[in-house]
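Student: I would like to learn how to read a protein model step by step, asking about one part at a time. Could we look at the chain together?

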Amino acid sequence: MLGLYGASLADGQWVTQARPPQYPLLLGQPATWLVTGGRGGGKTRLGAEWINAVARGLPPFTKGRRRHNLIALVGETLSDVREVMIEGPSGIRATARDNVARYEPSRRRLVWQNGAVAHVFSSEDPESLRGPQFEAAWCDELAKWKNAQATFDMLQFGLRLGILPRQIITTTPRPTKLMKRLIADPKVIVTRLATVGNAKNLAPGFIAAVKERYGETRFGRQELDGELIEDREDALWSREQVEAAYKADVPEVGRIVVAVDPPASAGRSSDACGIVAAGLAGDGRVVVLADASLRAAKPQDWAGAAVKLFHLLEADRIVAEVNQGGDMVGAVIRALDAGVPVKAVRARRGKWTRAEPVAMLYQQRRVVHAGRFAALEDEMCDFGPDGLSGGRSPDRVDALVWAVSELLPDRYSEPKIRTLSE
């Protein structure tokens, strides 16, 4: 029996479920296929189906039933490759149907019954790609890879087997140098998958809820429509500055603070609570260590997250803004752990004015990031004189500003007030 594009349904093809952008006949077999899309847009499913097809020699992703025997699976971390790309609900094993591949964690590889093998790699270790060679590769969430350029370059040297080495890249777009380069490359085929196009496979009400909150904002256009949103011209931070702040090898830190910017209200419709941790290195630089910001149903939730991060990092104190909650902020934290030192700070100037000195520290390379904090970085690059686009609250940026200003008070003149507990 023949299905869409003449593919045999007996072969277990995806033709009865795929949307046209996920299963393009006219695309052919490009050397590099870049698929950008919104959250839940079907990127992971496409990547998994593509890998199963090239491993088994199934059309239209392969020609003449020629399979690819050596494959690379590359994600941000090894855990991401296993939990999302291989064993996730839309991953390779879940979509294999009658030909489930066997995962061998000790050897970090996936093995099909026909002998095809996919090896696992992460952006945390570009050098692990030095030496191995492949016929095909799947790169997932490339826009948030830690060592994106180095990892991608090492992979290109390894794609040297077979008649036509190929790779598929699935990612939510962010305006990194590598993403811009790939999109501008005429040899790269680019497909965009919007979240709304996959609505039938998502929870009821999800599309309406996220479009109500994020629709028409820069964040929504990126995370839901899969658009590559360039830097905001009047933003305090640029992507170039943020990229320069990331350091794979960060200096050791001494004093550590956890900064909290509580929301004005609680509940699902409330703003997020900004929770950012940073430490002071011996050379005078501030190291951003974590972003644990969350949207909390009740104050105890964000307070619990802040206290948990405080103990995890063995921090010296929690710095909490009290403009919205007053004494309640410290009281909620003390109720969870009376031994946690809390310093209350009150904003007396606007968010933009308070953030300017911190942005200047980034320009001076006085602030570095110990990891990739995608949501925080997006807020930084979307923070203009009127706040974030779409009227959202810059909760993560506020927490970042409080953390940096607490560690470098000599560079920041915002008045501070009392210590609630010691």
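Tutor: What follows is a set of questions and answers on this predicted model, going from the whole chain to some of its parts.

Student: How many helices and strands does the chain have, and what percentage of its residues count as buried?

Tutor: The secondary structure of the chain comes to 12 helices and 15 strands. The chain has 422 residues, and a residue counts as buried when its relative accessible area is under 20%. By that cut-off, the share of buried residues is 53%.

Student: Among contacts between residues at least 6 apart in sequence, what share joins residues at least 24 apart?

Tutor: Here we leave out pairs that are less than 6 apart in sequence and consider the remaining contacts in the chain. Of these, the share that joins residues at least 24 apart is 70%.

Student: Is Val54 buried or exposed?

Tutor: Val54 has its place in helix H1, which spans residues 43–56. Its contacts, leaving aside neighbours within four places in sequence, include Phe61, Ile71, Ala136 and Arg166. Because the relative accessibility of Val54 is 0%, Val54 counts as buried.

Student: What distance separates the C-alpha atoms of Val54 and Arg67?

Tutor: Along the chain, Val54 and Arg67 are 13 residues apart. Arg67 is nevertheless among the residues in contact with Val54, and the separation of their C-alpha atoms is 5.3 Å.

Student: Why do the buried residues of helix H4 lie on the same side of H4?

Tutor: In H4, which runs over residues 177–184, the buried residues include Leu178, Met179 and Leu182. They lie on the same side of H4 because the arc they cover around the axis is only 100°.

Student: Which residues are exposed on the other side of H4, and which elements do its buried residues pack against?

Tutor: On the other side of H4, the exposed residues are Lys177 and Ala184. The buried residues of H4, in turn, pack against helix H3 (148–158) and three strands, namely E1 (32–37), E7 (166–171) and E8 (188–193).

Student: Which helix supplies the largest share of the lining of the second largest pocket?

Tutor: The second largest pocket has a volume of about 270 Å³, and 15 residues line it, with Lys146, Ala148, Gln149, Glu243 and Arg372 lying nearest its centre. By class, this lining has 7 nonpolar, 3 polar and 5 charged residues. H3 and H4 each supply at least two residues of it, while the largest share, 3 residues, comes from H3.

Notes. Residues are numbered from 1 along each chain as its sequence is written. This is a predicted model: local features need pLDDT of at least 70, side-chain atom pairs count only at pLDDT 80 or more; totals for chains, interfaces and linings use all residues. Side-chain values use heavy atoms; hydrogens and water are left out. Buried means under 20% relative accessible area, exposed over 50%, partly exposed in between (1.4 Å probe, protein chains only). Helices (H or I, at least four residues) and strands (E, at least two) are DSSP runs, numbered from the N terminus. The arc is that of the directions from the helix axis to the C-beta atoms. Contact means heavy atoms within 4.5 Å. On a 1 Å grid over the protein atoms alone, a cavity is a set of points where a 1.4 Å probe fits but cannot get out, and a pocket is an open set with protein on both sides within 12 Å along at least five of seven lines; lining residues have an atom within 4 Å of a point. Grid points are joined across faces, edges and corners, and a volume is the space filled by probe spheres set on the points. Ala, Val, Leu, Ile, Met, Phe, Trp, Tyr, Cys and Pro count as nonpolar, Asp, Glu, Lys and Arg as charged, and the others, Gly among them, as polar.
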